[in-house]
Amino acid sequence: MTLSKKLKLQKRDLHKGSNFNVWFLDGEEMHFIVNHWPSRRGGEKISSNLRELAAGLNLKIIDSLQRINPDAKVISMGDLNDGPLNKSLKVLNAKGNKRGAKKAAYNPSESMFKKRESTLFYRDARDIFDQIFITEPLIREDFSSYRYWKAGIFNPPFMVQTTGRYAGYPLRNNFSLEAGYSDHFPAYI
């Protein structure tokens, strides 16, 4: 199946979204891509190609920005519906260590995943779907401008289910007496 046929067949799912923004922080140009990649509806393997296409779109945006300005600082983030080790992140050429990211994007979620951290659980399997990856200019050792410092998953006790079958999971808003937040813990840098 050609790319154009895949796009036509899955147009609705592909446009779940990527939103591109340019902001100036203290006069410094920063590029943000906010994503919500296609879901795993129908199964992870069947829907994987859609997330790979979304990753390809991110890669095209980043490559275009870096052709204009090799020092472009790009932060891409969102619910990718894939973990840091899935094929879609390989399409992006995202690396889990800073040294490997000199010509690619750096994805701190990979090392967090290896430390058994997670943003969500599905059928008792943990994963990190909420990821933030950044381009090389943000991981340089020179701290004369905005640089990456650290990444984490925000999961304070008030956001964690403490009882029942889903103890340890994100505290969801299930429209009962107990207020919840989300089925994912947020990631941050």
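This is a short tour of a predicted model, moving from the whole chain to single residues.

Some ground rules come before the first selection. Residues are numbered from 1 along each chain as its sequence is written, and side-chain values use heavy atoms, with hydrogens and water left out. Local features need pLDDT of at least 70 and side-chain atom pairs count only at pLDDT 80 or more, while totals for chains, interfaces and linings use all residues.

**Whole chain.** Show the chain as a cartoon. There are 5 helices and 10 strands; helices (H or I, at least four residues) and strands (E, at least two) are DSSP runs, numbered from the N terminus. Of the 189 residues, 43% are buried. Buried means under 20% relative accessible area, exposed means over 50%, and partly exposed lies in between (1.4 Å probe, protein chains only). Now switch to a surface view. The accessible surface is about 11,400 Å², and carbon and sulfur atoms hold 55% of that area. Accessible areas come from the Shrake-Rupley method with a 1.4 Å probe; for residues, only the protein chains shown count as cover.

**Strand S8.** Select residues 130-135. In this strand 6 of 6 residues are buried. In a regular strand the side chains alternate between the two faces of the sheet. Asp130, Ile132 and Ile134 lie on one side of S8, Gln131, Phe133 and Thr135 on the other, and all are buried.

**Partners of S8.** Add residues 74-79, strand S3, which runs antiparallel to S8 and is joined to it by 5 bridges. Two strands pair if DSSP finds at least two bridges between them. Look for Met77, opposite Ile132 in S8. Next add residues 105-106, strand S5, also antiparallel to S8, with 2 bridges. Here Ala105 is opposite Thr135 in S8.

**Helix H3.** Select residues 44-68 and find Ser48 within this helix. Ser48 counts as buried because its relative accessibility is 14%. Its side chain makes a polar contact of 2.7 Å with the side chain of Glu52. A polar contact is a pair of N or O atoms within 3.5 Å; within protein, one must be able to donate a hydrogen and the other to accept it, and residues adjacent in sequence count only if both atoms are side-chain atoms.

**Last stop.** Select Tyr188, in strand S10 (residues 187-188). Tyr188 counts as partly exposed because its relative accessibility is 34%.
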